Amino acid sequence: MHQGVKQDEPIVILTGAGISKESGLSTFRDADGIWATVNVEDVATPEAFAANPVRVHDFYNQRREALQREAVQPNAAHEALARLERDWPGGVLLVTQNIDDLHERAGSRNVIHMHGELLKARCGFCDHVQGWRRDLGTDTACPACGRAGRMRPHVVWFGEMPFMMEAIAEALYTCGLFISIGTSGNVYPAAGFVATVREAGEARTIEANLEPSEGASHFHEALYGPASKTVPELVERLLATVA
Ligand code: APR
């Protein structure tokens, strides 16, 4: 099953919105996804924020409030990945496209949010970033520089550069196993990670998704079904190989 994945080799995991679906958060491109009711260009681009900041703040204020509802909790997939990080000798890096905090709440520590974090805000004047759980508005003043009017969600919009790309590339070149979970493989650069791993060498690649992603053909192996079922099974099989 995992020929070639030695326990001293690092694992890189990429997650997308599908891993948080069973926690009650919407995906983007499913039939009931976010982009089925809101246009990307109206709420998730720098141009949209410049043209209509109130609409953009409303979009992210609603998602920030929804994320903090009692009913939204990490699911068995998030918890299994935290267990893998704790018990895999070779080390685990979790790169997520998600802006929710469910991986951290499940116990994952070595996490890169390449698309930013919904529970953080950034000042457009001084670049100060800090945790933020309440609404943001055009009148919100920056706690660091005091200026109001350009506080924004610390998230990556379309047309902006994802975060930590060098660290991610380094990890992709040196991992022994790459696992992609709950992502449709529609958005680059994340959608290109599996091809980078394949070009870099002999690492194994596994996709765990509800259905084949756009990049399905690049993976050595695929587990189709809900993440809360497939991910714990995959983690248990990996940890069973640890001496
Ligand atoms: N378990 C596993 N996979 C699931 C589940 C589930 N319970 N439910 C849905 N999925 C799968 C869907 O089949 C789909 O392939 O999760 C994937 C979600 O794909 P998208 O909605 O496109 O989300 P994602 O791939 O994370 O989007 C990437 O696009 O809009 C931008 O910045 C946004 O980070 C996001 C990026």
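Tutor: Helices (H or I, at least four residues) and strands (E, at least two) are DSSP runs, numbered from the N terminus. The model is predicted: local features need pLDDT of at least 70, side-chain atom pairs need 80 or more, and totals for chains, interfaces and linings use all residues. Residues are numbered from 1 along each chain as its sequence is written, and side-chain values use heavy atoms, without hydrogens and water.

Student: Why are H7 and H8 called oblique to each other?

Tutor: Helix H7 (residues 165–174) and helix H8 (residues 193–200) pack at about 45°, with axes 8 Å apart. Angles between N-to-C directions run from 0 to 180 degrees, with axes fitted to C-alpha atoms over the stretch in contact. Under 35 degrees is roughly parallel, over 145 roughly antiparallel, 65 to 115 roughly perpendicular, and the rest oblique. H7 and H8 are therefore oblique.

Student: What makes the contact between them?

Tutor: H7 supplies Met165, Ile168, Leu172 and Tyr173, and H8 supplies Phe193, Thr196, Val197 and Ala200, where contact means heavy atoms within 4.5 Å.

Student: How do you know that Ala17 makes a polar contact with the ligand?

Tutor: A backbone N or O atom of Ala17 is 2.8 Å from a ligand oxygen, and the limit for a pair of N or O atoms is 3.5 Å. For a side-chain N or O atom of Asn209 the distance to a ligand oxygen is 2.9 Å, and for a polar backbone atom of Gln97 it is 3.2 Å.

Student: What is unusual about the peptide bond of Tyr188 and Pro189?

Tutor: That bond is cis, with omega about 5°, whereas most peptide bonds are trans. Pro189 sits in the loop between strand E7 (177–181) and H8.

Methods
Polar contact = N/O pair within 3.5 Å; in protein donor to acceptor, adjacent residues only side chain to side chain.
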